[in-house]
Amino acid sequence: MVRTISCFLGLFFSLSLWGQEKKPDAKKFTISGYIKEESSGEALLGANVYVLEIKKGVIANQYGFYSITLDEGNYTLLISFIGYEDRNIPIKLDKDIRLNLSLKDAAIVGGEVEIVGEKVDQNVKGTEMGTFNIQVEQIKTLPAFMGEVDILKTIQLLPGIQSAGDGNAGFYVRGGGPDQNLILLDEAVVYNASHLFGFFSVFNGDAVKDVNLIKGSMPAQYGGRLSSVLDISMKEGNNKKYIMEGGIGNVASRFTVQGPIKVDTSSFIISGRRTYIDVLAKPFFKKDSPFSGTRYYFYDLNTKLNYRISDKDRLFLSGYFGRDIFVFNDKNLGFKTEIPWGNSTGSLRWNHLFNDKLFMNTSLIFSNYTFELRATQSQFEFRLFSGIRDFNGKVDLTYFPNPNHKINFGSNYIFHTFTPTNATARSGEVEFNLGDVVKLYAHDAAIYVSDDWEVTDLIKINAGIRYSNFTQVGPFKRYIKDQQGKIMDSVEYRRGEKVINYGGPEPRISMRWILTENSSFKAGYTRNLQYIHLASLSSVSLPTDVWMPSTELIKPQIGNQYAVGYFRNFRKDMFETSLEVYYKDMKNQVEYKEGAQPEDNVKDNPDNSFTFGNGWSYGAELFLKKRYGKFHGWIGYTLSWTYREFPEINFGKEFPAKYDRRHDVSVVTSYDYNKKWTFSVVWVYATGNAATLPVAFYLIEGNMVSEFGERNSYRFKPYHRLDVSATLYPDHVKKENRKKRRLEKRYTKKGKTLTEEIWFQKKKVMETSWNFSVFNAYNRYNPYFIYFETSGSIYEGNLQIGAKQVSLFPILPSVTWNFKF
Amino acid sequence: MKKIIGLFIPGILIFLSSCTKSVDVELPEYTPKICIDARIEQNGKPLVFITKNAPYFGSFDFNNLSNFLVTNAFVTINDGITIDTLTHLGFGFYTGNLTGIVNRYYTLNVVAEGKTYFGSTRIPPPVPLDSIWFKAQETLDSLGFVWAILSDPPGQGQNYRWFAKRLNKDADFIPPLGSVFDDKFIDGQTFDFAYNRGIAPNSSAPDDLNQERGYFKVEDTIAVKFTTIDRDAYIFFRGYETALFSDGNPFAAPTSIKSNLYPQNEVLGVFVGYGVWIDTLISRR
């Protein structure tokens, strides 16, 4: 059935392109170029270039490049991008034109800015369903958790994206697990995007330019995960002037420096962030406590360099390095443990323009995630480590043959090295034989082609096909076991020798049908294959969760998603509303077998600990947004179900997934009170997580043993929380600058201009803002987990069992001071 | 090893739990089930303890405790030669006439409350310890652990369980937490190890509550019972000890302990055969 769809799509393509080319002869010319932000020179990805006369437009790609081919003539181009001032440009098209443009930040010119946006009326006009673009600069006005503005926390306020709850890493999209989200930072995969169990994400808001979240129809250029893509682009660095900015909060501080190396040609940005050990640990540990020395901290560093070699070529080099370190000390027991974990990524990218219509990006990427646990107790030393490392090369091309088509095609190759949990242990001089360090290797490749095709004025189709292939290769040793589970023999594969191969087509199709001027209907179908899997041993996501490749025992996950949606804008696009309904089925889901222990992995193939099953989810997402005005924001509501069925779990009966969340509500509002103050209120509500709790107990050898109920048969109380924040932008105008402003008024047309624009000023003005936030303003004790305490005993006849609920965050006020100069 | 991972859990709990409060939890319905705790030791008589599971929040006192003891079950053990019918001793305990023989398979059959349950086990050949001795801990004068040297027979897939008893102080042999281990990492090797003193369930003895808790003392006479068990019994006890150890730990997966009795979803407990080696030592400084 999949093959049929792929063949059909292939035919579709060639017919559509061919059909377009057969037009009466008219001389055609191409307008192309890059769209940038005026003050910094940063590329504006996703900017809209619309040709008024033919009522067609094209969207700049992620490097800000656009190209549009028209018949010779006179045209007016309308360039627009959310948050920026539109520009109208008259063009006389009688030869190929290279037109690079820059747009001015609308905030400067007194426009209102949205926080989460889509390109102007893209809500109705675009084919993508379930795509959100997040304006990083604007989320700084939302209530900040512990003073840190967070991209992951913000996307969890959108319908269909669920947080895993306080203190849980990862997020869930439309019922899919946390490993089903492809998180990219400048095209490098980030395997664990959370610091400290999900309290903070690894993304420093000051270093990030653009965040794109795709939860619905994933275009063919993305693959390898079933549920979503979170594509994050770092800022390139202001290539006109130096800027230093940062923030000091009560929990963490950050500092960013960016600027030109050679004005308008090359620039850099370096951004760092760190938490304070003291603040987090001190309230819990007194000096004479046996636990002193226990601490937790994280830091991260983002760097990027870019160089514009010529009009046709640009080079970018970006890197990320982050670490979390947890140290626990118990002097009484003579026990110490140190747990460092983190990601490092690097990407080297080359943009090349073959001609006005064909754009190419080639990237070489490195990504690494490691986790380690070192524990010592007197003479016993134990070390556990795991990780994943990728070497990745990809080529992506965009071809703009005419305004009705935009064709993306390319290929991607990754070499993975997996280190599932390995351990070493020694007691004094004796080294325990825990087997050799096991690593698994695989080749992961894909090619794709897709077309954004304006079939008619009303119907637009994005059709694509991706073909992916995955091969596990040696060196690898497969243990052959007998029925008792004892190892009888083994098969050894040499370096590079094929162990197993999987692959298949992944058709992607979505369609938009304009019903009226401001409403549309969309539908989409995608099929995804996922070759790598995250296995979680506990009911809580931990950095100990291990990435595994597909092997002879672990088949690739297969996901099919069907979605339809109705989109409607009101009052000249001031209000956006949408209703999306989806159904998703997932095959070959991975879970640990019941009773699996971490040491089972040692001296054995780790995939023997897994069991497999299927999942399915369906739901409806309602979204209402007010885009402009002093008062703006959105409400999202999701009604959904997600279930699993595994023959070896829960005796084969279907059970709700841990994050099956019937209702999920987010209300996000912002109010621009005046030029100095912005207030923001966020309220979230979610049905409680599912958990497996004991329902009975029984006696073995005189000890009471808990008997657990059916898998995930208990529901925590609903989670809800109110966050409020106030952001203050004080005037920091010194006496000298008053004189400067009088001069400005003479030289500028609009009323308010950034003082830095005046080049003859020597003194720079520092922009500051204060953010006051209260997290969990009405102090609700949302359950994190429940445990049971027994008192008395059966033997004395006075046994009492009480349930205790642990919550993580009571009301948490925080203050952050942000500066920029 | 489990101990190490488990030990840092309390740290995280202290670190993270900022707010704890008592709550009323409405647990899902429980299914009443029979629980069978059965064993047969080499040279010993079979001992079977049959009870019922109790709802988690039920109230307990000695009066209704008897509701959970099964005193009228029909219990037989088949050793391949004879079928022995066990007699009820009282309080849910049953025993019989068979004597445990090494390498023999035993099948247990229980009819209780109208339903039939069964399971089987084998008494593996015991593996002796090369030597056992007491050693006081460096910083403590008269308290320490019992040490032993084991030479694991190569390749045969042994599973072990350790018990110890202080003559004149302990009523019976007590397994400490972590008493079961297999030879996956130590196959064919000779190595030494130590065990702390296990605590009898619900013990209120002073030396289980003060600083002597978990330690053996100088001048104790200690009997060590070092046993071998079959694979299914090992898997049960490993799961059982993990459950006891991680009680209340939210980071552990809540698992059902895999019983070796059938039908699997309807009965709880284990039937284990022990191959036995016993020796005694007197702890000296």
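In the predicted model, strands E13 and E14 of chain A form a hairpin with two residues between them, and A:Asp186 in the turn has a positive phi of about 50°. Strands (E, at least two residues) and helices (H or I, at least four) are taken as DSSP runs and numbered from the N terminus. The two arms of the hairpin, E13(A) and E14(A), the latter covering residues 188–189, pair in the antiparallel sense over two bridges, where pairing requires that DSSP find at least two bridges between the strands. Within this hairpin A:Leu184 stands opposite A:Val189 in E14(A). Strand E13(A) is also joined by five bridges to strand E18 (residues 228–234) of chain A, and these two run parallel, with A:Asn181 standing opposite A:Ser228 in E18(A). Strand E13(A), which spans residues 181–185, is mostly covered, four of its five residues being buried; a residue is classed as buried if 20 or more other C-beta atoms lie within 10 Å of its own, as exposed if 12 or fewer do, and as partly exposed in between, with C-beta atoms placed from the backbone.

Residues are numbered from 1 along each chain as its sequence is written, while chains are lettered from A and ligands numbered from 1 in the order in which they are written. Since the model is predicted, local features need pLDDT of at least 70 and side-chain atom pairs count only at pLDDT 80 or more, whereas totals for chains, interfaces and linings use all residues.

A further buried position of chain A is A:Val202, which lies in the loop between strand E16 (200–201) and strand E17 (208–214). A:Val202 counts as buried because 26 C-beta neighbours lie inside 10 Å. When residues up to four places away in sequence are not counted, A:Val202 touches A:Val190, A:Ala193, A:Ser194, A:His195, A:Asp300, A:Gly322 and A:Asn343, contact being defined by C-beta atoms, placed from the backbone, that lie within 7 Å. A:Val202 and A:Arg323, although 121 residues apart in sequence, are 9.1 Å apart in space from C-alpha to C-alpha.

Chain A has six helices and 52 strands, and buried residues make up 46% of its 821 residues. Among its contacts between residues at least 6 apart in sequence, 65% join residues at least 24 apart. The domain assignment of chain A gives domain 1 (2–103) and domain 2 (116–230), with bounds that come from an automatic or database domain assignment. Nine residues of domain 1 of chain A are in contact with seven residues of domain 2 of chain A.

Chain B has three helices and 19 strands, and 33% of its 285 residues count as buried. Of the contacts in chain B between residues at least 6 apart in sequence, 64% join residues at least 24 apart. Chain B is divided into domain 1 (31–123) and domain 2 (129–231 + 275–282), whose C-alpha centres lie 27 Å apart.

Strands of both chains contribute to an open sheet of three strands with the order E46(A)-E45(A)-E4(B) and antiparallel pairing. Strand E46 (703–708) of chain A and strand E4 (54–55) of chain B stand at the edges, each with a single partner strand, so one side of each is left without a neighbour in the sheet. Strand E45 (residues 694–700) of chain A pairs with E46(A) in the antiparallel sense over six bridges, and A:Ala696 stands opposite A:Glu707 in E46(A). Helix H3 (residues 231–245) of chain B packs on this sheet and touches E45 and E46 of chain A, its direction making about 95° with that of E46(A); such angles run from 0 to 180 degrees between N-to-C directions, with axes fitted as lines to C-alpha atoms, for helices over the stretch in contact. H3(B) is mostly covered, with twelve of its 15 residues buried, among them B:Tyr234, B:Phe236, B:Phe237 and B:Tyr240.

A second open sheet of three strands has the order E50(A)-E51(A)-E1(B), again with antiparallel pairing. Its edges are strand E50 (783–791) of chain A and strand E1 (19–23) of chain B, each of which has a single partner strand, so one side of each is left without a neighbour in the sheet. Eight bridges join E50(A) to strand E51 (residues 800–807) of chain A in an antiparallel arrangement, in which A:Pro783 stands opposite A:Ser807 in E51(A).

Key: Contact = placed C-beta atoms within 7 Å.
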